[in-house]
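I sat down today to look up a few things about packing, charges and cysteines. Here are my notes, kept short for the bench.

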Amino acid sequence: MYEANTAVIGRVVTHPVRRVLQNGDHVLSFRLASTARRYDQAAGDWVDGGTLYLTVSCWRRGIVEGVEASLQRGDPIIAYGQLRSNEYTTRDGAERTDLEMRALAVGPDLGRCTAPVVRKTFGRADRTDPVERPSADADTAGEPATTHS
């Protein structure tokens, strides 16, 4: 088994499923597909290359809850974590290798979708509301933060 930290951009291709292990730990997993694309000058269009499929496993409680509440099949995402190769033999004797990512971070690919951000409070009573953003017409870029008389 080889391990490397990497980021993979792709789409969720199976519904995320949460399992509870015998020791009480929760794991959520789903399949991710990442297809390479390149621009073909001769054809004047984008061409799909090969597709990488891997299983993404989320082990920490925070990431399990966040992914379960936020992502579904078809969503464009970016996943970051340890990439591992698992070698096994099928029932009919064929040798197989499966890629698994133990995710440290998973989120929507904001280049291909939009997503509201709802911050977790983690038991902090002093900040339960999301940070209020200034209105679009309240542009103060380039202005000093304070004025002096």
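**Helix packing.** I began with what the buried residues of α1 touch in this predicted model. They pack against β2 (17–20), β3 (26–40), β4 (45–58) and β6 (95–108). Next I looked up which residues these are: in α1, residues 61–70, I found I63, V64 and V67 buried. Viewed down the helix axis, they fall within an arc of 105°, so they line one face of α1. That fits what I remember of helices: with 3.6 residues a turn, residues three or four places apart point the same way. I then checked the face turned away from the buried side, and there I noted the exposed residues R61, A69 and S70.

**Salt bridges.** How many salt bridges does the structure hold? I counted six. I wrote down three pairs.

- E68 and R18 meet through their side chains at 2.7 Å, N to O. E68 sits in helix α1 and R18 in strand β2, so this pair ties together parts 50 residues apart in sequence. I have E68 as partly exposed at 41%, and R18 likewise as partly exposed at 27%.
- D98 and R31 form a salt bridge at 3.4 Å, N to O. This pair links strand β6, with D98, to strand β3, with R31, 67 residues apart.
- R37 pairs with D48, their closest N and O atoms being 2.6 Å apart. Here R37 belongs to strand β3 and D48 to strand β4, eleven residues apart.

**Cysteines.** I looked for disulfides and found zero. C58 is buried, at 0% relative accessibility, while C113 is partly exposed at 24%.

Technical notes:
Residues are numbered from 1 along each chain as its sequence is written. This is a predicted model: local features need pLDDT of at least 70, side-chain atom pairs count only at pLDDT 80 or more; totals for chains, interfaces and linings use all residues. Side-chain values use heavy atoms; hydrogens and water are left out. A disulfide is a pair of cysteine sulfur atoms within 2.5 Å. Buried means under 20% relative accessible area, exposed over 50%, partly exposed in between (1.4 Å probe, protein chains only). Helices (H or I, at least four residues) and strands (E, at least two) are DSSP runs, numbered from the N terminus. The arc is that of the directions from the helix axis to the C-beta atoms. Contact means heavy atoms within 4.5 Å. A salt bridge is a side-chain nitrogen of Lys or Arg within 4 Å of a carboxyl oxygen of Asp or Glu.
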